[in-house]
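Take a moment to look over the model below. Then we'll walk through a few of its spots together.

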Amino acid sequence: MITDGDFEVGLGNWQADAAWTIDTTRAYSGSYAAHFAGGPNAAGMLTRTLALTQVTQLAANPALLDATLWFAYRIENADGGLGSTPQMPFDDWLLAEFRTADGKLISSLLRTGNSADTASDGLPWDRYLYRLLPADLAPLNAFGTVNLVFTAFNDADTLPTSFWIDAVRFCASGPRQRYYYPLVLHAAPAQ
Ligand SMILES: [Ca+2]
Ligand SMILES: [Ca+2]
């Protein structure tokens with residue numbers, strides 16, 4: 001079974017810009033997590049392509065109830081800046097989104113950053129849970145293959161914000177069956 005959502009065997013099938021690496025200093029599960037190293041103008045995307053063929057079949061089945069996306073994330077910051085707009089009150093930020101293979105936004109999942117719940121003042125790890133109802137699954141089904149994308153960015157100052165992602169799960173469930181994210185992937189991981 002493929003289980004690269006924990007980053008215990010490296011990036012697996014995740015695609016990562018240089019700013020995202022596998023880190024051993026922080027982990028929610030096991031000993032490793034994906035880490036975005038903050039710094040002036042640091043930017044990078046961490047992407048997992050999800051082939052939703054099996055989920056699509058499930059969605060066409062009225063027995064399907066819902067799907068769940070779950071992950072843990074951690075914010076450590078040295079920057080107290082509040083950005084320039086009420087809609088984006090961060091100097092340094094992290095987004096989680098579903099995007100098409102060519103980068104178009106399908107749905108925004110999480111928008112957070114340096115002024116949100118940080119490890120120094122709040123929970124060491126925040127836990128994200130999103131329950132996708134059939135209406136949420138419909139646009140994903142239309143694409144068949146979608147990217148789960150974490151995008152991180154730091155502004156130009158020398159006050160960094162670093163982010164960690166770990167224990168990513170995607171689970172589609174019906175009344176009698178439960179399919180876990182690793183089982184709906186087509187490709188074997190490249191170690
Ligand atoms: Ca881990
Ligand atoms: Ca900053």
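What follows covers two metal sites, a nonpolar core and one serine.

This is a predicted model, where local features need pLDDT of at least 70, side-chain atom pairs count only at pLDDT 80 or more, and totals for chains, interfaces and linings use all residues. Residues are numbered from 1 along each chain as its sequence is written, chains are lettered from A and ligands numbered from 1 in the order in which they are written, and side-chain values use heavy atoms, with hydrogens and water left out.

Let's start with the metals. Donors are N, O and S atoms within 2.8 Å of the metal (3.2 Å for Na, K and Ca); water is not among the atoms, so sites may look incomplete.

| Ion | Protein donors | Distance |
|---|---|---|
| calcium ion (ligand 1) | D6 (O), E8 (OE), S29 (O), S29 (OG), Y32 (O), D166 (OD), D166 (OD) | 2.2 to 2.6 Å |
| calcium ion (ligand 2) | D79 (OD), D92 (OD), D92 (OD), D155 (OD), D157 (OD), L159 (O) | 2.3 to 2.7 Å |

At the calcium ion (ligand 1), E8 sits in the segment before β1 (15-16) and S29 in the loop between β2 (20-23) and β3 (33-36), so this pair ties together parts 21 residues apart in sequence. Strands here are DSSP runs (E, at least two residues), numbered from the N terminus. E8 is partly exposed at 29% relative accessibility, while S29 is buried at 14%. Buried means under 20% relative accessible area, exposed over 50%, and partly exposed in between (1.4 Å probe, protein chains only).

Over at the calcium ion (ligand 2), D79 is in the loop between β5 (66-77) and β6 (93-99) and D155 in the loop between β9 (145-153) and β10 (161-173), so they link parts 76 residues apart in sequence. D79 is buried at 2%, and D155 is buried too, at 17%.

Now for the greasy part. In soluble globular proteins, nonpolar side chains tend to be buried together. A nonpolar core is a set of buried Ala, Val, Leu, Ile, Met, Phe, Trp, Tyr and Cys residues joined through side-chain atoms within 4.5 Å. The largest one here has 32 residues, and W20, L69 and F71 are among those with the most contacts inside it. β5 gives the most to this core, with five residues.

Finally, meet S162, which is in strand β10 and buried at 15% relative accessibility. Its side chain reaches the backbone nitrogen of G38 at 3.1 Å.

Conventions
Helix = DSSP H or I, 4+ residues; strand = E, 2+ residues; numbered from the N terminus. Polar contact = N/O pair within 3.5 Å; in protein donor to acceptor, adjacent residues only side chain to side chain.
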